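User: I am new to this structure and would be grateful for a close look at one part of it, the enclosed space inside the protein. Please set that part in the context of its surroundings as well.

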Amino acid sequence: MRILSGIQPSGDLHLGNYFAMMKRMIEWQENGDLFCFIVNYHALTSVRDKNILKKGTINAVIDFLALGINPEKSTFWVQSDVSEVTELNWILSTLTPMGLLERCHSYKDKISKGITPNHGVFAYPVLMAADILLFNAEVIPVGKDQKQHVEVARDIAIKFNNTYGETFVVPKPDIPKNIATVPGTDGSKMSKSYGNTISIFCDEKVLKKTVMGIVTDSKAVEDKKEPDQCNVFNILKLFLDDSEIKYWRDRYISGGLGYGEVKKYLFERIWAYFLPYRDRREKISKNIDYIFEVLDTGREKAKKIAVTVLDDVKTKIGLDYRY
C-alpha cells in the first residue's frame, strides 16, 4: 500500500503538523510504501522571502529526519526537485471544474481570516491532486481540514480516468478520529496561517510562554469545568493514555483545578516528549552533506516514478505528437 503526504516549509514545525500527519507518516514507513515530501511549491502561496523559504525547507527536512523518517524505508524528497508535478498540475487544471474549487472551504476559511487571496490559494487543491496522483498514492494521511482536498483529488482522478481511460489510482484520506483536528492556542485549528501554533523545537522559555498563553475561559479555580471545551485539555490529551485522560477529566469536572496548573503540566509533557528528538536534530543539523545526500537519493527515487506516470498521461491526452 502506497502512502503519501507532505508538509509546507512555511514556518516552525508545530504540534498540529506532528500529530495530524508527521507522527503517523513515520509509523507508516514500517509497514507501507511511504512517500513523504516537503511541499515548497505550496509554500509560495504565503512565503515571499526567498531566504525564509530556503531556510524553512532545510529545517523541515531536518525536522523529519530528527523525528524518525528513514530514507532507506521511504521515498523522501523536496517537491520542487521533481518538476513533473507542475506539468501535471497544469494538465489537471484544464480538466478541473471551477465549481469543484469554488466549493472548497479551505479557501473560504483563509479569506475569512484575512489572508490575501491569490490564484495559488484558490487552485491549491489541484496542485495537491497532482502531488497525489503523480505517485499513484492510495492512502493520504491528513487532518480533518484537508479531507476535502483529498476528495477533490479523487474527483479529478475519476474524471480523468473516465475521459482518457484508466490512468490514476483513486486515493482515500486517512483521518484518525481522536486527532482529526489539533486545536491551536486560541481553540481554532492549529495553523501557521492563523498564528496560533505551539512549536516543537523552539527554546524552552518560548515554549513555556506559548503554553501559558493558551486561551481559556474565566472560571475560578474552585469552579467545575468542562474539559472537552478547554483548549489546554484538548491539547494535553495528545500526550496522555486513557487512564491519564480520565484522571485529568475527573479533576476538571470535580472543581478545584486551576488552568495554570494544567498549563504547567502540559508544558512539562511537551518538553519531555520531544527532548530526545531535539538532541537528534542538533546532530543532524551539523551534517549538511548527509542532508543533501538524503534529498538527492529521494529525488531520484521520486522522479523515476513521476516521469513514468507523466509520460503515460501525456500519451493518453495527445501530447506525444511525434510519430
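How many residues of the lining of the largest cavity are nonpolar, how many are polar and how many are charged?

Analyst: The lining of the largest cavity holds six nonpolar residues, one polar residue and one charged residue. Here Ala, Val, Leu, Ile, Met, Phe, Trp, Tyr, Cys and Pro are nonpolar, Asp, Glu, Lys and Arg are charged, and the others, Gly among them, are polar. This is a predicted model, in which local features need pLDDT of at least 70 and side-chain atom pairs pLDDT 80 or more, while totals for chains, interfaces and linings use all residues. Residues are numbered from 1 along each chain as its sequence is written, and side-chain values use heavy atoms, without hydrogens or water.

The residues around the cavity are F37, W77, Q79, V82, V85, D131, L134 and F135. The space that they enclose comes to about 40 Å³, and a search of the whole structure finds one cavity of 30 Å³ or more. (On a 1 Å grid over the protein atoms alone, a cavity is a set of points where a 1.4 Å probe fits but cannot get out, a pocket is an open set with protein on both sides within 12 Å along at least five of seven lines, and lining residues have an atom within 4 Å of a point. Volume is the space filled by probe spheres on grid points joined across faces, edges and corners.)

One of these lining residues, D131, is also among the buried residues of α8. This helix runs over 124–133, and ten of its ten residues are buried, that is, under 20% relative accessible area with a 1.4 Å probe on protein chains only; exposed is over 50%, and partly exposed lies in between. Helices are DSSP runs of H or I with at least four residues, strands are E runs with at least two, and both are numbered from the N terminus. Besides D131, the buried residues of α8 include Y124, V126, M128, I132 and L133.

The helix α8 leads on to the largest pocket, since it is one of the elements that each supply at least two residues of that lining, together with β1 (2–7), α1 (15–28), α6 (105–112) and α7 (119–122). Y124 of α8 is among the residues nearest the centre of the pocket, along with Q8, D145, Q146 and K189. In total, 49 residues line this pocket, and its volume is about 1100 Å³. By class, its lining has 22 nonpolar, 20 polar and seven charged residues.

Another buried position follows α1. Q29 is in the loop between α1 and β2 (33–38), and Q29 counts as buried because its relative accessibility is 5%. Beyond four places in sequence, Q29 touches L34, G68, I69, N70, K73 and S74, where contact means heavy atoms within 4.5 Å. Within the span of β2 (33–38), C36 is buried because its relative accessibility is 0%.

G165 offers a contrast, for its 27% relative accessibility makes it partly exposed. G165 sits in the loop between α9 (147–164) and β5 (172–174), and it is in contact with F160 and K316 when neighbours within four places are left aside.

As for the whole chain, it has 14 helices and five strands, and 47% of its 323 residues count as buried. Its C-alpha trace spans about 80 × 45 × 40 Å along the principal axes. Of the contacts between residues at least 6 apart in sequence, 76% join residues at least 24 apart.
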